[in-house]
Number of protein chains: 4
Amino acid sequence: MGCWTMEKQVHGKKEAIIGAALKLFTERGFYGTSTAQISREAGVATGTLFNYFSTKEDLINDLYYEVKGNLSQSLREGLGDESSFQAKIKRMWSNLIDWGVSNPQEFLFTEHFCSSPYISKLTRDEVLKEYTFFRDVVREGMEEGQMKEFPQDLIMSILFDSGKTVVRLILNSPGTQDKEQLIENSFQLIWGGLAKE
Amino acid sequence: MGCWTMEKQVHGKKEAIIGAALKLFTERGFYGTSTAQISREAGVATGTLFNYFSTKEDLINDLYYEVKGNLSQSLREGLGDESSFQAKIKRMWSNLIDWGVSNPQEFLFTEHFCSSPYISKLTRDEVLKEYTFFRDVVREGMEEGQMKEFPQDLIMSILFDSGKTVVRLILNSPGTQDKEQLIENSFQLIWGGLAKE
Amino acid sequence: MGCWTMEKQVHGKKEAIIGAALKLFTERGFYGTSTAQISREAGVATGTLFNYFSTKEDLINDLYYEVKGNLSQSLREGLGDESSFQAKIKRMWSNLIDWGVSNPQEFLFTEHFCSSPYISKLTRDEVLKEYTFFRDVVREGMEEGQMKEFPQDLIMSILFDSGKTVVRLILNSPGTQDKEQLIENSFQLIWGGLAKE
Amino acid sequence: MGCWTMEKQVHGKKEAIIGAALKLFTERGFYGTSTAQISREAGVATGTLFNYFSTKEDLINDLYYEVKGNLSQSLREGLGDESSFQAKIKRMWSNLIDWGVSNPQEFLFTEHFCSSPYISKLTRDEVLKEYTFFRDVVREGMEEGQMKEFPQDLIMSILFDSGKTVVRLILNSPGTQDKEQLIENSFQLIWGGLAKE
DNA sequence: GATGAATGAGATTTCATTCAT
DNA sequence: TATGAATGAAATCTCATTCAT
């Protein structure tokens with residue numbers, strides 16, 4: 001039982017707790033999930049949770065930060081390979097939908113807790129920093145005159161929220177939808193309203 | 001002290017409770033709000049709440065039904081006066097945004113609790129019946145060939161969710177936005193992607 | 001609606017409340033029965049109960065007094081017609097069992113509440129006065145040397161409790177017992193141990 | 001601070017709760033006793049009670065099972081040493097009375113809750129299994145023709161209930177009765193009616 | 001006297017958090 | 001660091017009782 005094992009053990013516990021929290025918070029909500037349930041699901045003692053997170057709110061804030069960072073990473077995947085504005089938007093569009101469909105628990109978690117009182121302003125601000133790249137891409141497109149003249153906030157919100165709408169649509173009608181086709185359709189719908197010409 | 005006064009008194013209490021619940025549930029969530037807080041905010045005794053609603057869950061279900069019915073009514077306002085498909089959609093679009101901006105508490109309440117486990121399937125089904133008119137309008141438009149060929153669910157979801165996006169945008173940046181202009185802009189954005197041609 | 005009707009109405013209500021209380025207290029116990037339930041069962045308003053009984057405890061004490069008085073009356077029925085000591089005891093024995101079997105609700109009520117904290121010492125003492133005749137009969141028998149020499153308390157308790165045992169036996173095995181035969185048997189059993197010779 | 005101490009500590013709390021519950025349930029009844037009172041009397045926190053018993057009803061069922069098991073044990077004490085039928089009955093008779101007088105709280109508890117709705121059918125059935133020995137002894141005596149011909153149920157009920165009557169008599173007149181003499185007397189009374197000849 | 005809405009104290013139970021081991 | 005028994009504040013809901021009509 002060397003140092004390596006111990007450290008792994010430790011990391012394993014924290015991760016197990018985060019994983020359990022993600023699952024249970026998503027399924028039953030914040031107040032619907034007790035720290036005892038999280039501990040049990042994670043396979044640790046009730047006290048152990050508080051060695052890693054000083055309060056239950058701390059835990060959900062950490063989780064929120066992690067999941068949102070995760071999404072931010074996924075959104076940027078392959079973004080550097082795209083050159084045209086449309087291609088960049090399209091790439092983020094698919095990335096968002098792919099992420100949501102592949103990580104339904106994470107997706108639903110962000111849905112449930114994006115406007116929750118348990119997530120602190122601090123966490124929210126910290127998270128926002130990870131999304132400046134999105135603002136940059138859109139601003140660039142506006143400056144290049146690639147889009148009709150809409151307020152930037154409107155564009156960003158519509159893009160993000162509509163993408164989430166599509167994810168929800170897919171998750172709610174499992175199996176019955178052709179995902180790729182839907183991504184294509186929905187992108188055309190939004191892009192059609194956005195693009196100049 | 002007549003009959004009229006009595007009835008008013010009675011209605012006053014129930015309405016006060018509903019109003020307090022709307023405010024507090026929206027601000028702090030379901031579990032974050034105690035029935036004692038609701039009673040205090042409503043200016044009644046703790047027991048009085050349970051004379052009108054046998055359970056806390058009963059209360060939120062009633063509230064949900066009322067608020068959603070309210071929205072449904074507002075969406076239909078003046079709808080009969082419109083003849084063209086575009087005008088109908090536009091009318092509902094403005095109605096939705098007007099309602100959300102004029103009733104921010106109700107709007108945020110629906111946002112928080114639209115996919116909540118506290119709202120029963122029964123309530124949800126009951127509410128859905130009030131929205132068939134929306135489905136009918138959209139279907140009609142599709143059959144008349146007024147829109148590009150997208151799945152009906154996609155159209156409905158994008159319309160509704162994008163409208164809500166705009167409301168959120170206005171509520172989050174108070175004073176700084178020209179509401180009418182934003183309604184116009186946003187409608188063009190969505191309609192531009194939707195309409196044939 | 002003359003005076004007679006009104007008075008009858010009033011008496012009817014009090015009796016209805018007593019009747020409902022007897023039924024419900026016996027079935028569900030004192031704390032298991034709310035005054036609201038009693039009122040509903042009696043067909044009166046919740047407030048009406050408190051026009052007749054100032055507290056719930058008052059009600060059960062009244063009820064106790066009434067039921068025990070009732071039993072006392074029944075025990076004495078035909079007692080004056082008997083001359084021998086054995087006949088007197090036998091008469092009370094049958095009276096007790098008949099009463100219990102014919103009034104199971106009253107019988108079970110006395111069983112449940114004979115040693116209850118809700119019945120006040122005052123009530124209990126008041127009730128005891130109705131049973132001096134029993135003590136007198138037994139004392140007389142002792143003085144006449146009709147029984148073996150046992151303490152009077154023991155005799156009285158055994159007589160009364162064994163009678164109740166028989167009632168319970170009959171009530172618990174409905175239909176399967178020959179009541180008259182059982183009364184005869186049980187009396188022989190007790191009298192056999194009691195009588196001199 | 002060793003293992004022994006820990007175990008004792010743990011057992012101590014559970015036992016303290018059981019003891020407090022026995023005392024208070026007996027004195028004030030089930031609904032008349034709050035779990036908070038039990039906890040206070042036991043010297044533990046309100047939550048601790050629910051670490052050991054998931055419900056107040058659970059607690060009283062456990063208690064019932066324990067007390068009745070206890071009595072069953074006591075009834076059988078020395079029973080194997082007796083050979084004649086009369087001696088066996090006499091032995092159980094004294095055992096019952098001794099137990100009741102030495103454990104008045106337990107005795108009164110069984111009196112109050114023997115026909116209580118809080119005790120589940122399951123518990124009751126479980127308890128009954130502990131009393132088959134009594135039925136066996138009586139049946140044996142009947143088959144050997146040691147008693148007059150009475151129904152077995154009558155015999156068993158009279159025996160058990162009359163024993164309890166004697167306990168009550170002793171408990172209600174503290175100090176004034178000669179216990180051993182009373183046991184002797186009362187046994188003669190019952191046995192005199194029961195025995196053949 | 002009859003009514004029943006209103007009251008608020010009190011009951012059971014949960015659960016985040018602590019701390020001795 | 002890990003554990004889990006112990007804690008006690010807080011939550012939902014009940015119900016005896018009051019009182020204006």
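Helices here are DSSP runs of H or I with at least four residues, strands are runs of E with at least two, and both are numbered from the N terminus. On that basis, the surface near DNA strand E draws at least two residues from each of helix 2 and helix 3 of chain A, helix 3 of chain B, helix 1 (3-28) and helix 3 (46-52) of chain C, and helix 3 of chain D.

The model is a predicted one: local features require pLDDT of at least 70 and side-chain atom pairs count only at pLDDT 80 or more, whereas totals for chains, interfaces and linings use all residues. Residues are numbered from 1 along each chain as its sequence is written, chains are lettered from A and ligands numbered from 1 in the order in which they are written, and side-chain values use heavy atoms, with hydrogens and water left out.

**Architecture of chain A**

Chain A contains 10 helices and 0 strands. Its C-alpha trace spans about 65 × 35 × 35 Å along the principal axes. Of the 197 residues in chain A, 46% are buried, where buried means under 20% relative accessible area, exposed over 50% and partly exposed in between (1.4 Å probe, protein chains only). Contact means heavy atoms within 4.5 Å. Among contacts in chain A between residues at least 6 apart in sequence, 70% join residues at least 24 apart.

Helix 2 (residues 35-42) of chain A has Ile38(A), Ser39(A) and Ala42(A) buried. These residues lie on the same side of helix 2 of chain A, because they cover an arc of only 100° around the axis, the arc being that of the directions from the helix axis to the C-beta atoms. An α-helix has 3.6 residues a turn, so residues three or four places apart point the same way. Gly43(A) follows helix 2 of chain A and has a positive phi, near 75°.

**The two DNA strands**

A residue is near a strand if one of its heavy atoms lies within 4 Å of it. Around DNA strand E there are 33 residues, of which Thr35(A), Thr48(B), Tyr52(B), Thr48(C) and Lys56(D) come nearest. For DNA strand F the count is 32 residues, with Thr48(A), Lys56(B), Thr35(C), Thr48(D) and Tyr52(D) the closest. Sugar and phosphate account for 62% of the atoms of DNA strand F that come within 4 Å of the protein; for DNA strand E, 63% belong to sugar or phosphate and the rest to bases.

Residues are classed as nonpolar (Ala, Val, Leu, Ile, Met, Phe, Trp, Tyr, Cys and Pro), charged (Asp, Glu, Lys and Arg) or polar (the others, Gly among them). The surface near DNA strand E divides into 11 nonpolar, 18 polar and 4 charged residues, and that near DNA strand F into 11 nonpolar, 17 polar and 4 charged.

The table lists polar contacts to the strands, a polar contact being a pair of N or O atoms within 3.5 Å; within protein, one must be able to donate a hydrogen and the other to accept it, and residues adjacent in sequence count only if both atoms are side-chain atoms.

| Protein atom | DNA atom | Distance |
|---|---|---|
| Thr35(A), polar backbone atom | strand E, phosphate oxygen | 2.5 Å |
| Gly47(B), backbone N or O atom | strand E, base nitrogen | 3.1 Å |
| Lys56(D), polar side-chain atom | strand E, phosphate oxygen | 2.6 Å |
| Thr35(C), polar backbone atom | strand F, phosphate oxygen | 2.5 Å |
| Gly47(A), backbone N or O atom | strand F, base nitrogen | 2.9 Å |
| Lys56(B), polar side-chain atom | strand F, phosphate oxygen | 2.6 Å |

**Interfaces between chains**

The size of an interface is often given as the accessible area lost when the parts come together. Buried area is the accessible area (1.4 Å probe) that two parts lose on being put together, summed over both. Chain A and chain B bury about 2,300 Å² between them, with 71% of it on carbon and sulfur atoms. Leu154(A), Ile158(A) and Leu189(A) supply 25% of the area that chain A buries against chain B, more than any other three residues.

Between chain C and chain D the buried area is about 2,400 Å², of which carbon and sulfur atoms give 71%. Leu154(C), Ile158(C) and Leu189(C) lose the most area to chain D within chain C, together 24% of what that side buries. No contact joins chain A and chain C, whose closest C-alpha atoms lie 31 Å apart. Chain B and chain C do not touch either, their nearest C-alpha atoms being 13 Å apart.

**Two buried positions in chain B**

Asn95(B) belongs to helix 5 (residues 85-102) of chain B and counts as buried because its relative accessibility is 11%. A polar atom of the Asn95(B) side chain lies 3.2 Å from the backbone oxygen of Ser74(B). Gly163(B), in helix 9 (residues 152-172) of chain B, counts as buried at 0% relative accessibility. The C-alpha atoms of Gly163(B) and Asn95(B) are separated by 9.6 Å, although the residues are 68 apart along the chain.
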